Amino acid sequence: VIRIVNMSGWIMWVVNGIFENIGMVQDGLQTIAQPVSVMDRPKAPTLKVHSGEIRYDGVNFNYGKERRVIDDLQLTIRPGEKIGLIGPSGAGKSTLVNLLLRLYDLDGGRITIDGQDIAQVSQESLRAQIGMITQDTSLLHRSIRDNLLYGRPNATEAELQQAIQRAKADEFIPMLSDSQGRLGLDAHVGERGVKLSGGQRQRIAIARVLLKDAPILIMDEATSALDSEVEAAIQESLETLMGGKTVIAIAHRLSTIAKMDRLVVLEKGRIAEMGSHQQLLAQGGLYARLWAHQTGGFVGES
Ligand code: ATP
């Protein structure tokens, strides 16, 4: 249920993005458009990102009347810092990210980017500054080219090609062919179009975000079901993507976790522990236990 709910937030965003950026809404996409629960203030200014510092300042949030899902959370992420969010299921990791995207309004506190309250700026300008790689890459039932360009419709052909190469999507895009005989970048995705594997979809998503080139990056990684060769290729593309950006990754992959500048361990909507992989292992707390669980009890690995 959580994933579906999160997913619907994402779809809503995708549809808004198309409305605003390309103005092409076809193929029944309207059916998934949903009313936006969060409203812009009248004449909301544009978010201006200079360095990419993110600050959660006394943030409280719950979905209904039950317990707080995010409980008085204080966290400053430095410009260019790469944060790994870790914690047991239901700890509030996805919620924290959804709040940064302003899919919901807060019950208390504020979130700022370079000192600007995200509730005060236009949602369009906020989301324009955030690139996102999720577990469920939503692709439009349109051409591969349209799927890549929707984050930055005015990109040049050279920029498009460069993003494709850096994401290692050039290994499969030229080979694509749909039932109408459209090839490569012009091949359509979806029911009557080409079927892409999970790894291919992820590389399209990476190329799309590379092209968008937003200063803030959110990654919600899958516990990988990809084969190790594709996994290695994607890992390389992801590292290229993260360069110079402020990154919040909901980190499931051990390979990613150990490379992050700082790990934030959430438990019941609060920060339970924070530090580097080595520091947290040495501390012997919740992270060390989660790590031992994931690595089958082998705590010494890094
Ligand atoms: P996981 O690792 O399982 O994805 P998480 O740490 O990302 O978990 P969240 O998805 O942020 O946790 O959920 C935090 C809490 O909020 C959970 O108790 C969850 O049931 C609840 N929750 C999440 N989304 C919603 C929603 N849309 N409506 C109501 N409750 C929700």
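In this predicted model, six strands make up an open sheet, lined up as β6-β7-β8-β3-β9-β10 with mixed pairing. Going from one strand to the next, the twist averages 20°. Who sits on the outside? β6 (130-133) and β10 (270-275) are the edge strands, and each has a single partner, so one side of each is left without a neighbour in the sheet.

Take the β10 end. Strand β9 (residues 262-267) runs antiparallel to β10, and 5 bridges join the two. Within that pairing, V264 stands opposite M274 in β10.

Now for the helices that pack against these strands:

| Helix | Residues | Strands touched | Angle |
|---|---|---|---|
| α2 | 93-100 | β3, β6, β7, β8, β9 | about 145° to β8 |
| α10 | 286-294 | β3, β9, β10 | about 95° with β9 |

So much for the sheet; on to the nonpolar cores. As a rule, nonpolar side chains in soluble globular proteins tend to be buried together. Here the largest nonpolar core counts 47 residues, and I144, L148, I173, L196 and Y287 have the most contacts inside it. Helix α6 (residues 198-212) is the top contributor, giving 7 residues to this core.

I173 is a handy place to zoom in. Leaving aside residues up to four places away in sequence, I173 touches I144, L148, I164, G184, L185 and I204. Two of the names on that list, I144 and L148, are also among the core residues with the most contacts.

There's a second core too, separate from the one around I173: this one has 32 residues, including L47, I54, V69 and I216.

Technical notes: Residues numbered from 1 in each chain as written. Predicted model: local features only at pLDDT ≥ 70, side-chain atom pairs only at ≥ 80, totals over all residues. Heavy atoms only, no water. Core = buried A, V, L, I, M, F, W, Y, C linked by side-chain atoms within 4.5 Å. Buried < 20%, exposed > 50% of the residue type's maximum accessible area, 1.4 Å probe, protein only. Helix = DSSP H or I, 4+ residues; strand = E, 2+ residues; numbered from the N terminus. Contact = heavy atoms within 4.5 Å. Pairing = 2+ DSSP bridges. Axes fitted to C-alpha atoms, helices over the stretch in contact; angles between N-to-C directions.
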